[in-house]
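Q: Got a minute to go through this one with me? I'd like to talk about charged pairs and a pocket.
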Amino acid sequence: MNQQYTEIFSRHRQNPIQTAADWPYPVHTVFNPAATLLPNDMTLLLCRVEDRRGLSHLSVARSANGVDGWQIDPQPTFLPDPDHFPEELWGIEDPRITFIPELGRYAIVYTAFTRDGPGVALAFTEDFRHFERYGLIMSPDDKDAALLPHRIGDHWALIHRPISSSRAHMWISYSADLRHWGSDKLMLEARHGAWWDANKIGLSPPPIETAQGWLVIYHGVRQTASGSLYRLGLALFDLETPERCLKRGDEWVFGPEKPYELHGDVSNVTFPCGYTIGPDGDTLHLYYGAADTSIALATGSVRAMLEWLEQHG
Ligand code: BMA
């Protein structure tokens, strides 16, 4: 690769850090994990696990250093429950975790694969063992969603990605009770034509709250003759009015380069759904699905991302 570009994320040398072979029960692939740091400083990943029917569920993996020594739940942690939640008929996918201090609980926003396509579902947990489902909060087609960690004014805010006609943009919606959502605002539009983020974009991990604004890592999907290319870009949004974009980078900052990202069930995919931030308050550990097959880790700096946006935004 051309080293004249600023490297925003560096890959861990042990990548991929988790594969299906590490799982304590038979699975086909593990990818697109949500992440959070527990009060005891353990890293928790909520991994998307696909079985050999093609259906996904979520399972927890915990590690003291966030790299290896993973303790993986011996059975699926969070299974689809189509008897009570028919929207989970074809599985649950791509979770994003946000800790909500006001509620003292973690919100898990995930994709429910309904009979009519992907929709957005919400659940809460305190311990990643017991879950309270709120059910579907955005009807299909909609995905790539995460909650902001606190209210904006009086309202909770959810970033999500509905598909209308053939274009897919990032939207933000508001709610007084976390169940009924509205006041939808367009947050970031997919570009047109040859751009890396033309036609289809979506939130990747939940936004990172900084003094300068909500720092958003989003994915752009470029359609090519040999399929889709999933790459990542950066944008910054106003803290009080999060639909207001302050800066958007023109170039992507991360994309498939390594063999485990280039080849797999779905080739050319880097797809993060979570991160943790180190004790220095700056080091970002980004956990991503590689080629819809394994889990990989890349490290960056929040300060460096903001500086990059200053220059390239
Ligand atoms: C997206 C989502 C992700 C997946 C990606 C590449 O639309 O379905 O779960 O990683 O496509 O297949």
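A: Sure. This is a predicted model. To start with one pair, Arg244 and Asp238 form a salt bridge, with the closest N and O atoms 3.4 Å apart.

Q: Is Asp238 buried or exposed?
A: Asp238 is buried, at 16% relative accessible area. Arg244 is partly exposed, with 46%.

Q: Which residues do shared salt-bridge partners join into one network?
A: Arg48, Glu50, Glu93 and Asp94.

Q: How many salt bridges does a search of the whole structure find?
A: The search finds 19.

Q: What does Arg151 pair with?
A: Glu102, and their closest N and O atoms are 2.9 Å apart. The two sit 49 residues apart: Arg151 is in the loop between strands E10 and E11, and Glu102 is in the loop between E6 and E7.

Q: And what about Arg105, which residue is its partner?
A: Arg105 forms a salt bridge with Glu132, with a closest N to O distance of 2.9 Å. Arg105 is in strand E7 and Glu132 in strand E9, so this salt bridge ties together parts 27 residues apart in sequence.

Q: Arg105, buried or exposed?
A: Buried, because its relative accessible area is 18% and the cut-off is under 20%. Glu132 is partly exposed at 35%.

Q: Switching to the second largest pocket: how much space lies in it?
A: About 390 Å³.

Q: Which residues lie nearest its centre?
A: Thr36, Ile97, Thr98, Phe99 and Tyr275, out of 19 lining residues. The lining has 14 nonpolar, 4 polar and 1 charged.

Q: Which strand gives the most to that lining?
A: E20, with 4 residues. Strands E2, E6 and E16 each supply at least two.

Key:
Residues numbered from 1 in each chain as written. Predicted model: local features only at pLDDT ≥ 70, side-chain atom pairs only at ≥ 80, totals over all residues. Heavy atoms only, no water. 1 Å grid on protein atoms, 1.4 Å probe; cavity = no way out; pocket = protein on both sides within 12 Å on 5 of 7 lines; lining within 4 Å. Points joined across faces, edges and corners; volume = space filled by probe spheres on them. Nonpolar A, V, L, I, M, F, W, Y, C, P; charged D, E, K, R; others polar. Salt bridge = Lys/Arg side-chain N within 4 Å of Asp/Glu carboxyl O. Buried < 20%, exposed > 50% of the residue type's maximum accessible area, 1.4 Å probe, protein only.
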